[in-house]
Number of protein chains: 2
Amino acid sequence: MKAFSDRLAEAVRRTKAPVVVGLDPRLEGLPTAIAPKEKFPAAVALAFERFCQGVIDAVARHVPAVKPQAAFFEQLGPPGMQALANLIAYAQKQGLLVILDGKRNDIGSTAAAYADGWLGPGGVSPWGADALTVNPYLGEDAIQPFIETAKARGAGLFVLVKTSNPGSRQFQDLVADGVPLYQHVGRWVQQLAGRTLGQCGYGLVGAVVGATYPAQLTELRSLMPQVWFLVPGYGAQGGTARDVAGAFDPQGLGAIVVSARAILFAHQQSPYREQFGSSRWQEAVEAAACDMIAQLRAETPASRLPPS
Amino acid sequence: MKAFSDRLAEAVRRTKAPVVVGLDPRLEGLPTAIAPKEKFPAAVALAFERFCQGVIDAVARHVPAVKPQAAFFEQLGPPGMQALANLIAYAQKQGLLVILDGKRNDIGSTAAAYADGWLGPGGVSPWGADALTVNPYLGEDAIQPFIETAKARGAGLFVLVKTSNPGSRQFQDLVADGVPLYQHVGRWVQQLAGRTLGQCGYGLVGAVVGATYPAQLTELRSLMPQVWFLVPGYGAQGGTARDVAGAFDPQGLGAIVVSARAILFAHQQSPYREQFGSSRWQEAVEAAACDMIAQLRAETPASRLPPS
């Protein structure tokens, strides 16, 4: 089984697009044709599944990966979880890597159970995601079981280092031994990545670093040279292509930038609303994804990815 | 809807037992009569559900609450999640409070989706838990949506402060401004609890503090006088009744102590194995729970709870 870091590098090189489409379905964002008539969980779950399948169909040729947000499926109870399982399998069938955004974390055998459940390949794991986001607060013995399972199954991890929200300052920026907490976490993630390198020069343990903190992105890039960055906070949260430029290595690898709302619900937003409207929502999704790709190619080292 | 902190205080006073039974089912711990013949997820999920129902039946008269561990159900994919939903409803029907151990966390509207999904009452929420464990790494704006939903629905939260594992030292003990990180988190949790007080004098925001760090338990008790403590690490992880004594207030309230393996799998452990064996596993569960209650009554301020 090929290492996740190498599968991600190949997919980014192939698409020349360091973009991850966040699958964060919301009832109020669904196009008219898909919105459920009834609001009970099973009906909403089915609508979420159809919507996300449509998004996957629209972007699969253009991007390397999608990132389902577990919360929006868990919110619907068991029918939502079934929709999530169906979507993970559907996205992989369309050639996409799936990064499950669950921010899971626990200790010892409990962490092992999360890893066993979520990290693919499908058939071996009931959910079968290619990678999972995890939280570092519990420390090394809580991450180790995730790493062991990921290594055995060719899967990856993204550890929260510096998150994109305003409140990330509260604890992540506390200074201990002259260094903010997020750098303590970042240095440790670099060690973990250095021990699990793929042929691309990156390890299986990646980091979540927000687009809304461009100075920290650049600082962490040099502190963590072998760590894939998953960069949320682009678009709706305020991060721009220029803000994320520092997340990449000089060859245009090393970072994948997430956008959810701005792509998923493009049909509700200018200029796509005027151009496509609700009925042609899949074209709006595709156009918004392609515009984001073009912005990243114009403003970041992603321009240096090899021509396809 | 009565406040969660008051419902918990009432249940602890009624049972005179500050004990939470952790529902962490494991295949290798199942009694012979319940172990599934086939190992596919739906069969294992059904066995987990039957096993946990049996545990609930055995302890419902004795303890105030159970704590299902989400990981062991997620590990089985969608059938596991259905079993989890069934168990939450079953436990509540037997009069138990349900603290879902999911250690969830995310920002803004995503945190709101987790809160909406998990925090009861059932019927309003598809999962319907009475309380949820949450992780503080993302800061205040990630916890606020959980608090708002919990307040509106009479539910509770337990924020990870000082976890029971050895690795909790790595980041939680880093000293910033002369104070370890876990105390920064603890002081903030105390503020949140102070703003959401029930009639019992405790707030809806509780804290997870490990039995394996008795000095920190006592220190945090005085730092966080209005915060319910959920105390893992008892028994199998090494914490004793004497270790957790400092978690209680002088009236015997303020802390609930978790045990999972030592109760669930008592039929595999001395002295219960010899006394009951696999066939009478429910009696072993009940005896182990009652022994733990007796230890806590003997060694902690729980002895001062009012007679029933």
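Here are a few notes on this predicted model, going from the single chain to the pairing of A and B.

1. Starting with the fold, chain A carries 13 helices and 10 strands. Its radius of gyration comes out at 18 Å, close to the 19 Å that the globule rule gives for 308 residues, so chain A is as compact as a globular protein of that length. If you want rough dimensions, the C-alpha trace of chain A spans about 55 × 45 × 40 Å along its principal axes.

2. On packing, 63% of the 308 residues of chain A count as buried. Take the contacts in chain A between residues at least 6 apart in sequence: 72% of them join residues at least 24 apart.

3. Now the symmetry. Chain B superposes on chain A after a rotation of 180 degrees, with 0.0 Å of shift along the axis and an RMSD of 0.0 Å. That is the relation of a two-fold axis. If you're looking for the axis from chain B, go to B:Ala176, whose C-alpha is the nearest one in that chain, 2.3 Å away.

4. As for the interface, 47 residues of chain B are in contact with 47 residues of chain A. On the chain B side, the elements that each supply at least two residues are α3 (70-74), α4 (78-93), α5 (108-118), α6 (140-153), α7 (168-172), β6 (175-176) and α8 (181-194). The largest share comes from α5(B), with six residues. By type, that side of chain B divides into 24 nonpolar, 16 polar and seven charged residues.

5. Last, how the copies match up: 100% of the interface residues of chain B are also interface residues in chain A, so the two meet through the same surface.

Conventions. Residues numbered from 1 in each chain as written. Chains lettered and ligands numbered in written order. Predicted model: local features only at pLDDT ≥ 70, side-chain atom pairs only at ≥ 80, totals over all residues. Least-squares fit on C-alpha atoms with pLDDT ≥ 70 in both. Contact = placed C-beta atoms within 7 Å. Helix = DSSP H or I, 4+ residues; strand = E, 2+ residues; numbered from the N terminus. Nonpolar A, V, L, I, M, F, W, Y, C, P; charged D, E, K, R; others polar. Rg over C-alpha atoms; globule rule 2.2 N^0.38 Å. Buried ≥ 20, exposed ≤ 12 C-beta atoms within 10 Å, placed from the backbone.
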